[in-house]
Each structure stands twice: as structure tokens, then as C-alpha cells.
Amino acid sequence: MVSEGSATPNAEDREFHATRIENYKCSVCNVFTRFPRYNHPAKLFETRTGRCGEWANAFTALVIALGHEARRVLDWTDHVWTEVYVHEMNRWVHLDSCEAAFDKPLVYEKGWGKQLTYCIGFSSKEIVDVSKRYVLDKMMNRMRRDKVNEQWLEDTLKTQRESLWEMQGPDKMAMMKHRYEQELVQLNLNPDEQALNEELLPRQSGSIEWRSSRGEMGQ
């Protein structure tokens, strides 16, 4: 398939939150394929088509429907996954539905060979910079983060987070603030020895050619 650029979303695309339409042409039969990047979970369960963004949207919605607290994590080096709050573990846990990965936050740097910059976890209830959970070396990560001023980012996320907390009511707000303070402590811990020594796989989803072109086949 060869990319043929983008198209303008139509009314149905916009109804299901597709703001970007990708066009492709088969290099063998010359047939065109239109790929709306839907964001609405109901449409994604119907089409069962997409890449990591669609998988994360659908999976996160499914987890919430099952009664769990979940949020998506947007990685600025181009990936999306899910975090779920597991009460028995008293922490947010990494889940990647594309890779069938549970609680393997170092897989992207240690397994895939990525050099992460910004990883932002967000939901309708809060927004948190969770980058430190996913990096091998926090100092090196800080040196790569050059898109915006760090204090500006921290202040902006704090304003948005507290605004979302206020919408939950005073009791829920107090609980979420306490949980966030616990999360900050967890984020500042260094990876434990078991996590550092764990054998982690390179990216499994997508063609070998595509994964190689993105540098996600490991070191």
C-alpha cells in the first residue's frame, strides 16, 4: 500500500470523531482504500480496524465499561496505550492491547529501543505526566524533553488536573489528590532490579518492514 495523502472528513466521519482521513493505493491492483481514523469506541467495535490509537481507545473504553478506572497514555514518539488503576496493587498499571502487555512499562525503551520524551496519561477525570514510569534513565529523559518549558508544562497540567478534579465533587477530589501524591512518589522511584533484568521483546504488532522503519525492533 502506498500513501496517497489525506482527505476531508465527511459527516459520518465527524460523527464518530474522525478528524483525519488517510488514503492509500495498492501498488499491485491500484485499488484505493479510504481509512478514517475513528476515535469513537462504538464505531471502532464495529470496524475492528486501526492502529495503536484505535486499539487504545477501544480497549480503554472496554476496561471502563467493566467497572475499572482507566486512562490513555499518549507517547510523543508516536504510540498510545492504556493504564488501569488496580486497587489490589495500589497503583496505576501499564497495559498495551496492541502487544498483549501487562505491567511492562520498560518495554518501549528496553525492548523496542525507543527513546521516550513525553508520556501523558489522561482521562475525563485527570491528566498526569507519567513519563518517568516508562524510562530507563530519568536524567536522559529530561535532557530529551525540549519541546516546551518544563515549568510551563508542569503548571499547565496542574491547572487542568485540578479543574478536572473539582468536577468530581469534594470527596472524590480529595481521594484523587491523595492518590496522585502517592503516584508522584512511585514515579520518582528508580526501576527495580527485576524490571531492569527482565527480558523484553521488540515490538510485535505491524509488519517487520514497518517496525524496522520506525526503529522499534530493539537494539
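**Two loop residues and the largest pocket**

Arginine 48 sits in the loop that joins α2 (41-47) to α3 (52-65), and since this structure is a predicted model, what follows describes the model as computed. The backbone at arginine 48 has a positive phi of about 50 degrees, even though arginine 48 is not a glycine. With a relative accessibility of 74%, arginine 48 counts as exposed, because the exposed class takes in residues over 50% relative accessible area.

A positive phi is also found at asparagine 90, a residue other than glycine, where the value is near 60 degrees. Asparagine 90 belongs to the loop between β5 (79-86) and β6, and its relative accessible area of 38% makes it partly exposed.

The strand β6 (91-96), on the other side of that loop, leads on to the largest pocket, since β6 is one of the elements that each supply at least two residues of its lining, together with α7 (170-187) and α8 (193-197). The largest pocket holds about 570 Å³ of space, and of the 21 residues that line it, those closest to its centre are Arg91, Pro105, Pro191, Asp192 and Ala195. Which element gives the largest share of the lining of the largest pocket? That share, four residues, comes from β6. Sorted by class, the lining of the largest pocket is made up of nine nonpolar residues, eight charged residues and four polar residues.

Notes. Residues numbered from 1 in each chain as written. Predicted model: local features only at pLDDT ≥ 70, side-chain atom pairs only at ≥ 80, totals over all residues. Heavy atoms only, no water. 1 Å grid on protein atoms, 1.4 Å probe; cavity = no way out; pocket = protein on both sides within 12 Å on 5 of 7 lines; lining within 4 Å. Points joined across faces, edges and corners; volume = space filled by probe spheres on them. Nonpolar A, V, L, I, M, F, W, Y, C, P; charged D, E, K, R; others polar. Buried < 20%, exposed > 50% of the residue type's maximum accessible area, 1.4 Å probe, protein only.
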